[in-house]
Amino acid sequence: MELLAPAGDFSCLVAAVQNGADAVYLGGRAFSARTAANAFAGDDLRRAVDYAHVRGAKVYLALNTLVRDGELGAFCDLAAEAYRTGVDALIVQDVGGAAQIRRDLPGMRLHASTQMTVRDMAGVKQAEALGFARTVLARELSKEAISAIAANTDSELEVFAHGALYMRYARQCLTSSMIGGRSGNRGGC
């Protein structure tokens, strides 16, 4: 079992690591559903990775928004920067982006984001086939559903033990984009 905590900025990262988190996840300067959090990039990302690694914690970078065709190059550049910096895994939603990362950076570990809305064994098997090392299950799953999936796979699974309460299915929040032009799948919910 791994205790994973969000780190919206460097002070949150320090607090999480100093209070026992085995890993932290944070957002990059782009392509993160955590646009309200401070972005980690360049020297800030390196400082975060160094701080966590010295203390035995892992760092996962969320590149978990949908990527438009014209953005794929920038998306892959950010993934390559994270790889060179020593980020332990990328949390990804976009299947095309994940495939490109797999081709460009075969050593980069990928986690299937909760935004992929994986809620059954078929979804876990598909994530495995796409090269994801871990699947973050949809937040609305019951304990019984999570247990049934876990009993039938050797894949790494991640679940949210605490977090926002959603009045919708995990990361399929289209209402905000229709009403206010702010898509949760693009980090603006």
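In which sense do strand 4 and strand 5 pair, and over how many bridges? They pair in the parallel sense, over 3 bridges. The legends below describe a predicted model, in which local features need pLDDT of at least 70 and side-chain atom pairs count only at pLDDT 80 or more, while totals for chains, interfaces and linings use all residues. Residues are numbered from 1 along each chain as its sequence is written, and side-chain values use heavy atoms, with hydrogens and water left out.

**View 1. Helix 2 and its two sides.** Helix 2 covers residues 42-54 (helices are DSSP runs of H or I with at least four residues, strands are runs of E with at least two, and both are numbered from the N terminus). Its 13 residues reach 18 Å from the first C-alpha to the last, close to the 18 Å expected at 1.5 Å a residue (the expected span is 1.5 Å times one less than the number of residues). Leu-45, Ala-48, Val-49, Tyr-51 and Ala-52 are buried (buried means under 20% relative accessible area, exposed over 50% and partly exposed in between, with a 1.4 Å probe and protein chains only). Seen down the helix axis, these buried residues fall within an arc of 165 degrees, so they line one face of helix 2 (the arc is that of the directions from the helix axis to the C-beta atoms). Asp-43 and Val-54, on the other side, are exposed.

**View 2. Surroundings of helix 2.** The cover over the buried residues of helix 2 includes helix 1 (10-18), strand 2 (23-27), strand 3 (58-63) and helix 3 (72-85). Just after helix 2, Gly-56 has a positive phi of about 80 degrees.

**View 3. Strand 4 between strand 3 and strand 5.** In a regular strand the side chains alternate between the two faces of the sheet. From strand 4 (residues 89-92), Ala-89 and Ile-91 point one way, Leu-90 and Val-92 point the other way, and all are buried. Strand 3 runs parallel to strand 4 and is joined to it by 4 bridges (strands pair if DSSP finds at least two bridges between them). Leu-90 stands opposite Leu-61, and Val-92 stands opposite Ala-112 in strand 5.

**View 4. Glu-158 in strand 7.** Glu-158 lies in strand 7 (residues 156-158). Glu-158 is buried, with a relative accessible area of 12%. Apart from neighbours within four places in sequence, Glu-158 is in contact with Leu-4, His-111, Arg-134, Thr-135, Val-136 and Leu-137 (contact means heavy atoms within 4.5 Å).
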